[in-house]
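Trainee: I am new to this one, and I would love a guided look. Could we go through it together, question by question?

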Amino acid sequence: MRPARNILVFQGGGALGAYQAGTFEALHKHGIEPEWLAGISIGAINSAIIAGNPKNRRVASLRDFWEMVSSGLNYAHVPEDDFGKRLLKDWAVFSGTMIGVPGFFSPRIATPYQLLLNPDFKISYYDTEPLIRTLERLVDFDRVNDGETRLSLGAVNVRSGNFAYFDNKDIRLNARHVAASGALPPGFPPIEIDGEHYWDGGLVSNTPLQYVLAADGSEGDLCIFQVDLFSAKGCMPRDMLEVDSRTKEIRYSSRTRMNTDDFTRKQLVRRAAKRLLEKLPPELQDDQDAKLLRSIGIEYDVTIVHLIHRLAAFDSHAMDAEFSRASVEENWKAGYDDAIFTLQHPKWRGRGRPENGIQIFDLARERAREDVSSTARRSSRRVSDNV
């Protein structure tokens, strides 16, 4: 097989972003280091931490960030039953709402200065200066801007409503570009950069996959690890809290499958264009239509690996705002286990070159099914034991 560029694509999803940190630890353990990172919101924060550290410090710096943001809710005891876990998670969401998250954001207090002189007070509930200071501590932006690892961060221009990408291939990045990608209203204020204000990129699209797939392939084959924090597929809600949770999953999954299906069709067209050009007689090779086909007919292979966070029965409806230490550790471990399962799977280890230019793996779904079956068997045994 030809060598391929490893690319990590990270969705937004707040506290669920610990899942991405876990997947990266597993990939790092297997010697898979990204040449390109693309992220939105919490995915932008994780991406910047990875790109802004030497390889031997990346996992430790991610651990530093996630331990810090969960340090305010490090409970000594976590209930074992699903109902108790859900109550604890809901309490953690409430606590974070009231007191903020260490190193990330703090609630605004209605002082005379804030009321009269700070315009952000009227359009946001929290101050994200703690995040900017954290990023400046954990991320070496000189390393980021040296360009050894490409970094692309998605945001939305508040005035135009247009999607924007801050890319170290084109501009020099700093902590404010990262914070802009995660400035989700109305909680967080927009971030001003070069006279324009930006909000969280998830308002337009919560995944940068489309941006990455727009690469022309001139630099070689691509191996994309798409790490999603919201699953488009889920269960029928049973109450209003689950309605809220399911709505959030659908909205922020950002049609990842549709993007990959659309790209698959484009790969087929590229192959067809290349074959057609080879059949043209010499006198038509310089025809304008032939030149157009030649511009889209670059042949390169793409491998996409889906790693998707899937909710547990006890997850809070505000799972993306729940920064307790227990949940962070659960999400980190889930990401690590899903990635290890995928990398050790026979289909991954025995993969060949993609047929028709693209192959897609969603192997961790098998692990999720095994977990559901195991839970059902345990529940059945408990029922039979009580009869």
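Trainee: What share of the residues in the protein is buried?
Mentor: Keep in mind that this is a predicted model. A residue counts as buried when its relative accessible area is under 20%. Of the 387 residues in the protein, the buried ones make up 51%.

Trainee: What radius of gyration does the protein have, and how does that fit a compact globule?
Mentor: Start from the chain length: for 387 residues, a compact globule would have a radius of gyration near 21 Å. The protein agrees with that, because its own value is 22 Å.

Trainee: Among contacts between residues at least 6 apart in sequence, what percentage joins residues at least 24 apart?
Mentor: Happy to help with that one! Here a contact means heavy atoms within 4.5 Å. Of the contacts between residues at least 6 apart, those joining residues at least 24 apart make up 74%.

Trainee: Now a closer look at one pair of strands. In which sense do β5 and β6 pair?
Mentor: Strand β5 covers residues 150-157, and β6 covers residues 163-167. The two form a hairpin with 5 residues between them, and G161 in that turn has a positive phi of about 75°. Over 5 bridges, their pairing is antiparallel.

Trainee: Which residue in β6 is the bridge partner of G154?
Mentor: Look along β6, a strand that is mostly covered, with 4 of its 5 residues buried. The bridge partner of G154 there is Y165.

Methods
Residues are numbered from 1 along each chain as its sequence is written. This is a predicted model: local features need pLDDT of at least 70, side-chain atom pairs count only at pLDDT 80 or more; totals for chains, interfaces and linings use all residues. Side-chain values use heavy atoms; hydrogens and water are left out. Buried means under 20% relative accessible area, exposed over 50%, partly exposed in between (1.4 Å probe, protein chains only). Two strands pair if DSSP finds at least two bridges between them. The radius of gyration is taken over C-alpha atoms; the globule rule is 2.2 Å times the number of residues to the power 0.38.
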